[in-house]
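The following exercises introduce a structure step by step. Please examine the sequence and the model before reading each solution.

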Amino acid sequence: MVTVTNLHKRFGSQKVLNGLNLETNVAGIIAVLGPNGSGKTTLIKSLLGMVIPQQGKIAVNGKKIRRQSDYRQEIDYLPQIANFPGNLTVKELIGMIKDLRGKPARDKELIAFFGIENFLDKKLSKLSGGTRQKVNIVLCFMFDSPLIILDEPTSGLDPASLIKLRELLQKEKAAGKTIIITSHIMNFVEETADRILFLLEGVIYFNGSITELKTQTGQDDLEHAIAQILT
Ligand SMILES: Nc1ncnc2c1ncn2[C@@H]1O[C@H](COP(=O)(O)OP(=O)(O)OP(=O)(O)O)[C@@H](O)[C@H]1O
């Protein structure tokens with residue numbers, strides 16, 4: 001579904017992606033991990049065409065994305081920080097995004113799933129961080145796209161909402177979707193991801209299952225396995 005070949009991205013003199021290669025051709029949940037500043041968001045934004053690499057090729061569903069935008073219709077994206085105007089109500093924001101995208105949306109089902117019906121008439125600026133994240137998740141999932149990219153989806157969510165998010169991800173995976181997630185919450189990754197991509201020094205340093213990572217590092221839990229890679 002996503003193929004990345006020899007991707008290079010630097011900001012000024014800082015090399016962030018340094019010949020990165022990646023292929024995701026099976027449905028499932030892929031966690032992109034790595035220390036702060038290792039380039040996870042840069043990789044995600046490159047897939048979305050929001051960051052333009054200096055070198056390398058990216059193809060989504062077999063089509064090169066360079067200078068293209070139509071392919072984005074098939075991707076749902078949850079940004080790490082979503083900056084929507086605070087004076088809009090939740091209902092207005094959802095309506096606006098639906099109008100912009102022009103596709104059928106399952107917003108009502110997701111609003112009920114996350115239990116945010118009572119916040120629809122509230123302004124975004126008045127919402128708590130966790131409720132705002134639930135709104136962002138509804139916005140992201142409502143178009144039912146085959147590829148979903150989530151940058152730190154757990155941000156601000158309480159334990160009950162984390163369970164809901166996990167349930168939603170499993171449903172989407174069962175529907176044959178590919179889901180790419182970044183997260184620093186290893187517990188969440190361990191319970192959701194089928195595959196780990198670990199970014200270090202601008203390349204994918206590890207690509208495999210959680211079991212493989214644990215075996216390779218000789219560690220019993222994911223947190224220690226990751227720490228072992230870093231040392
Ligand atoms: N637009 C930009 N201009 C300059 N530098 C940037 C820009 N975007 C990212 N960087 C730098 O690139 C590096 C990688 O950033 P990126 O956000 O991809 O890391 P990350 O792995 O997602 O980090 P985190 O875990 O903290 O979210 C960082 O050093 C960051 O400061």
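Helices (H or I, at least four residues) and strands (E, at least two) are DSSP runs, numbered from the N terminus. This is a predicted model, in which local features need pLDDT of at least 70, side-chain atom pairs count only at pLDDT 80 or more, and totals for chains, interfaces and linings use all residues. Residues are numbered from 1 along each chain as its sequence is written.

**Exercise 1.** Determine which residues are around the ligand and which helix gives the largest share of the shell.

*Solution.* A residue is near a molecule if its C-beta atom, placed from the backbone, lies within 6 Å of it. By this criterion the residues around the ligand are F11, V16, G34, N36, G37, S38, G39, K40, T41 and T42. The largest share, 3 residues, is contributed by helix α1 (residues 40-47).

**Exercise 2.** Describe how strands β1 and β2 pair.

*Solution.* Two strands pair if DSSP finds at least two bridges between them. Strand β1 (residues 2-11) and strand β2 (residues 14-24) are antiparallel, with 8 bridges. Within this pairing, K9 stands opposite L17 in β2. The hairpin has 2 residues between the strands, and G12 takes a positive phi near 60° there.

**Exercise 3.** Establish whether helix α4 is enclosed or open, and what covers its buried residues.

*Solution.* First, consider the length of the helix. The expected span is 1.5 Å times one less than the number of residues; for the 13 residues of α4 (residues 129-141) this should be 18 Å, and the end C-alpha atoms are 18 Å apart, which agrees. Next, consider burial. A residue is buried if 20 or more other C-beta atoms lie within 10 Å of its own, exposed if 12 or fewer, and partly exposed in between, with C-beta atoms placed from the backbone. In α4, 11 of the 13 residues are buried, so the helix is largely enclosed by the rest of the structure. Among these buried residues are R132, V135 and F141. Their cover includes β6 (75-78), α2 (90-101), α3 (107-113), β7 (147-151) and α5 (159-174), where contact requires C-beta atoms, placed from the backbone, within 7 Å.

**Exercise 4.** Locate N6 and E152, and give the phi of each.

*Solution.* Most residues other than glycine have a negative phi. N6, in strand β1, has a positive phi near 50°. E152, in the loop between β7 and α5, has a positive phi near 55°. N6 counts as partly exposed because it has 13 C-beta neighbours inside 10 Å. E152 has 18 such neighbours inside 10 Å and therefore also counts as partly exposed.

Key:
Contact = placed C-beta atoms within 7 Å.
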